[in-house]
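This text offers a guided reading of one protein chain, from its overall make-up to particular helix pairs and loop residues. Please keep the sequence and the structure in view while reading.

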Amino acid sequence: MASVNPFNLSDSEEEAERRPNETVDTERSPSDGAPGPPPGNPFSPPADAEPPTLLLSSNRTSPSGEGISVSAAATSAMAGSTEARVSVDVIAAQLLRDQYILTALEFHTELLEAGRELPRLRDYFSNPGNFERQSGTPPAKDQVLGPGGPLNRAGSISTLDSLDFARYSDDGNRESDERVAVLEFELRKAKETIQALRANLTQAAESEVPSQERKNFKSSPEIQEPIRPLEKRALNFLVNEYLLKNEYKLSSITFSDENDDQDFELWDDVGLNIPKPPDLLQLYRNCGTPLPSPRDMVDVSVGVDFGDLPGNCIAQEPPKKPDLSQQQQTEVVQELEYQISLLNNEKQSLAEQIKKLQSEIQTLKRTVSSPPLATLDLGTQSKSNLSSSSTTTTACSTDPLSVPPTDNGQYLDIRGVSEAGNDPTSVQNTSHPQSHNKLKSQPLVQFDKPNRKLSPVFQQALLSFCRMCSDSRLGAEVSRIADSEESVMLMLGRCLPHIVPNVLLAKREELIPLILCTACLHPEPKERDQLLHILFNLIKRPDDEQRQMILTGCVAFARHVGPTRVEAELLPQCWEQINHKYPERRLLVAESCGALAPYLPKEIRSSLVLSMLQQMLAEDKADMVREAVVKSLGIIMGYIDDPDKYSQGFELMLLSLGDPSERVVSAVHQVFIPAFAAWTTELGTLHTALIPSLLARIEKLLNQGEHGLDEHKLHVFLSALQSLIPPLFAVVLQNAPFTSRAKLHGDIPAIEVTRFPRPASPLQDVATIIGSREMLSALLLLYDHQLEHEGTTGWDSLLWVVNQLLPQLIDIVGRINVTSSTCVHEFSRFFWRFCRTFGKIFTNTKVKPQFQEILRLSEENVDASAGNGILTKATVPIYATGVLTCYNQEEDRKLLVGFLEDVMTTLSLSHAPLDSLKASFVELGANPVYHELLLTVLWYGVVHTSALVRCTAARMFELVLRGMSEALVDRRAAPALITLCSGPEFSVRISTIPAFGTIMETVTQKELLERVKMQLASFLEDPQYQDQHSLHMEIIRTFGRVGPNAEPRFRDEFVLPHLHKLALANNSQPTESKRIDIATQLFEAYSALSCCFISEEVMVNHFLPGLRCLRADMEQLSPEHEVILSSMIKECEIKVENRGMSDAQGSMSIASSLVGEDAKTKFLSKMGQLTTSGAMLANVFQRKK
């Protein structure tokens, strides 16, 4: 023992070295105390405790009683001195000599399992000749046969099978052919050669990676070392084994075929002396639990000065022996192992002494409290965890000890370190006095010690019945208390991946703080990446609130870690989810890009993130995702500072404006355009590049719109221009001559609520763009004063608006189609917002004069022949509805009324088209506020001296009556129409008929309806109108338009009977042109009325007779109409007959009779051949409202 260094190898390190390799089987004598339990389970007996080497197994019965004597001899030899110990080889030789074959076989098996193969037993059991009956063949020199002769072959049992003896287990004493035996022997030798070659290849594969590369892999864990051939074969074997165990047989067969160079039935085919690892399932279950490290053990050592030791004994190695024979080397190893066992015993006794010293120290501490207790420097362990770590070590380690005491300047380091990241050194250098007092302020946790004399081994055996579990992943985590912030982060990094899947989906957002904190502070990049991956995959389809929580966490993470880690760790998670199948996950990505924009490097913000969002905008099919993309793009535009990205931003604006989803377009106006305009304002390109680009595209559309204007694109560009009005006005204010004079102190009046149009979002609020409402109010005061008193000299931005923008807009307005109500409405809204934003003084002094200059109310502005005068263009309705209506003071209303009266007069007297006036009345009539004003204008026309003006006024009534209140119709509109009917001109009377029809269609007041009915009856029954062809045409046209929507009683008692009379009268019309005109109008009226429910009496007395009269005209004038009329008459007659048979079915519509296939086919085919007015024919398919 004198030659053995007690400090050379601690017991914990020896066990840690022996566990992973499983190649060293320590032999202990019976005098060894029971070893301590493994560190994972402090209360259970050791799982790896081994039987004494020299005791042979007694599970099998020896052939004779001599086996007992052998065991006894071995035992007695073991109990003697070290020099008298019997070697393993001697025991094996004795067993073979005495023909204890089964005992020798079991001995050989145990040695193999312990990784200590004995050449003698290996050679004996690998030679088939020892188990065959052969005449005249003497036994080998070292394989002595007993008196029983050659061994009879045993039955097929598992022990023999495991040693590849299955091919000889044919049960019975059968004679084998000598040739077969020789061949089998040669086959075995060939396999041994293959195994030896494979062992060489295994070693070569282990050393394939150069040492320098291995060093690189170790220093950089994130760089994965390439797979080695041995590792590939081992993984292939485990995968194939998993497939077979789980019934994936076809997959296993395919896998075996693809790896035909490997034998999947034999593990030894992987490599020689390679222990087989657990199966894949076990590896997966233990993947989160690191293997126990040497620091999981309890280190018990005595610290002394290096000067007191003979040489550097810590680094001293056992003296090397000269070259010895194999047997002598085995004996040396056994000797060393025996000495190790003795050292273990000594360690146990030292532990008991330490325990006694600790109890004495505790007693002294209770009595003497003034001197500070010098404590041990725990290296990387935190100060606050000394007592808890030490007491935990007491409960969980081999030795029930606590905090290291102080003894004459020498320190006992007794601790259990649970974290793999702590200091790996087990023996602390105690020669640094400055570290002794680091943790002296930490109070020590004390436990009462029983006054008992139980041995530590008995104590541990007793405590093992507490049924504590630390051999599982969770048990290992529970048994180790984190002793520092870093340890806590490591523990959370290991535990969170196992916690998250077991939390309810509805409550998983509660885990976000834990995940984020761990991801922020964890030292390992791979673990951080895994945690962030868990964060983005925490909820399968996160709702709005859950996404907000995740986004809040991402922003907090970004603020904490900085732009570099945000780019390296968060952005890859977004990129992975960009094409996720769930739109909620893609929505999270889109929102994350915007939320993280302020915390990203500017190069990444304007390149990678911008490209990601552009891709999602172009490819994603979900509206809500594209909406979030547009908002995030707006945020990016608020932080981008690369002028080269302007063109890309402009294209993104146009692309998003053309999106088919309204919510996406709304997001463009609310977020993207204001942010993009703010950037162009800083660049100085808002009024020099952005707005001119949109105007150029509008003009290009108008130039290409000769065959039809693309109104959707026009709306896209014009809406973008409208959203740019607030930032343009802010530019005008910020670049004004008075800007520097704006002061915030003093009495600043508040801005009127109605001063600006209501913004679509806070970003379009001029006050937000300027900076504050106070600053805006101060600037507005100076703005109005400058316009009213000082002019625009030197005000470049406003001069650009007045001299370039306004003229170009007015020119564009004059080129749009006045009959397009959509275009008129869009431009009207644009000018209204433009004028309200720039203010009343600007509108009166800059906008109105430019329109009035163009709209000179004179004969020169009206081209009666071509109808292309300026008063016939869309300039009139846009000026009237977009400029003159933006302020509602009395003078403004008077100006609007006067303008409309002048336009009506001028157009009427010039016999010009009335489309521009109609567009004005339609646009204004949509707002009930202007109904009184429009009636004032019309009354001006009613009392005008010119019949042309009165006719125009009568036609305008039809446009404004829809949507007008019945009280206003009764009080002002109806009297005006009756006044027109009392005039001498038939043309004026005829012009009132459509207005009366509109009243019949929209009003329900009986007295008013009766008045209208009497007026229409006078037109039809008064003899003076009998020859008025145009009057009859207008009445029939009006009946066909309003009949389906009028009151049923009015239709049955007035409309249908008078249509019957007109059809009957038309049969005797001598003028063929008039006859065909009336017949065509009647056909369209009857087609529209056929959709109504008509009573049987009215159908028999008026509807069918009228159709027959009309058919009589069409037989001569239009045969194609006659076919349809005949079909309609036939179907009506059938319905009348059916109705008589089944009165319970009620009134039936003529339209329902056309569902028959033959009638429908004829009807549709003939309708396609008609050349009459399509507008009236469309009434065929109207339904009663």
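Of the 1185 residues in the chain, 46% count as buried. The model is a predicted one. Its secondary structure consists of 49 helices and two strands. Among contacts between residues at least 6 apart in sequence, 71% link residues that are at least 24 apart.

A suitable place to begin is helix H31, which covers residues 773–790. This helix has 18 residues, and the distance from its first C-alpha to its last is 24 Å, close to the 26 Å expected at 1.5 Å a residue. Which residues of H31 are buried? They are Leu776, Ser777, Ala778, Leu779, Leu780, Tyr783, Gln786 and Leu787. These buried residues pack against five helices, namely H29 (725–734), H30 (766–770), H32 (796–813), H33 (821–838) and H34 (840–854). Just after H31 comes glycine 791, whose phi is positive, at about 85°.

Further along the chain lies helix H39, residues 947–960. Its 14 residues should span 20 Å at 1.5 Å a residue, and its end C-alpha atoms are indeed 20 Å apart, so the two values agree. Buried residues in H39 are Val949, Arg950, Cys951, Thr952, Ala953, Ala954, Met956, Phe957 and Val960. They pack against helices H36 (890–909), H37 (915–925) and H38 (931–942), as well as against H40 and H41.

Two of these neighbours introduce the subject of helix packing. Two packed helices are described by the angle between their axes and the distance between the axes. For H36 and H39, the angle is about 120° and the axes are 8 Å apart. Because of this angle, H36 is oblique to H39. The crossing of H36 with H39 is right-handed. On the H36 side, Met904, Thr905, Ser908 and Leu909 take part, and they meet Leu948, Val949, Thr952 and Ala953 of H39. By type, the residues of this contact comprise five nonpolar, three polar and no charged. Val949, Thr952 and Ala953 of H39 are also among the residues listed as buried.

Helices H40 (residues 966–981) and H41 (residues 986–1002) form another pair, packing at an angle of about 155° with their axes 9 Å apart. Because angles over 145 degrees count as roughly antiparallel, H40 is roughly antiparallel to H41. Their crossing is left-handed. From H40, the contact involves Glu966, Val969, Leu977, Ile978, Leu980 and Cys981, while H41 supplies Val988, Arg989, Thr992, Ala995, Phe996, Ile999 and Thr1002. Nine of the contact residues are nonpolar, two are polar and two are charged.

A further pair is made by H45 (residues 1072–1089) and H46 (residues 1096–1117), whose axes come within 10 Å and cross at roughly 140°. These two helices are therefore oblique to each other. The crossing of H45 and H46 is left-handed. H45 contributes Glu1072, Arg1075, Ile1076, Ala1079, Thr1080, Leu1082, Phe1083, Tyr1086 and Leu1089; H46 contributes His1102, Phe1103, Gly1106, Leu1107, Leu1110, Ala1112, Asp1113, Met1114, Gln1116 and Leu1117. The contact of H45 with H46 comprises 12 nonpolar, four polar and three charged residues.

The loops between helices also merit attention. Glutamine 99 lies in the loop between helix H3 (88–97) and helix H4 (101–113). Its phi is near 65°, a positive value in a residue other than glycine. Is glutamine 99 buried or exposed? Its relative accessible area is 16%, and because buried means under 20%, glutamine 99 is buried.

Histidine 911 occupies the loop between H36 and H37. Although it is not a glycine, histidine 911 has a positive phi of about 55°. Its relative accessibility is 58%, so histidine 911 counts as exposed.

Serine 965 belongs to the loop between H39 and H40. With a relative accessible area of 40%, serine 965 is partly exposed. Serine 965 and proline 928 are 37 residues apart in sequence, and their C-alpha atoms are 8.6 Å apart in space.

How values were computed:
Residues numbered from 1 in each chain as written. Predicted model: local features only at pLDDT ≥ 70, side-chain atom pairs only at ≥ 80, totals over all residues. Heavy atoms only, no water. Axes fitted to C-alpha atoms, helices over the stretch in contact; angles between N-to-C directions. Helix = DSSP H or I, 4+ residues; strand = E, 2+ residues; numbered from the N terminus. Parallel < 35°, antiparallel > 145°, perpendicular 65-115°, else oblique. Left-handed = near helix turned anticlockwise from the far one by under 90°. Contact = heavy atoms within 4.5 Å. Nonpolar A, V, L, I, M, F, W, Y, C, P; charged D, E, K, R; others polar. Expected span 1.5 Å × (residues − 1). Buried < 20%, exposed > 50% of the residue type's maximum accessible area, 1.4 Å probe, protein only.
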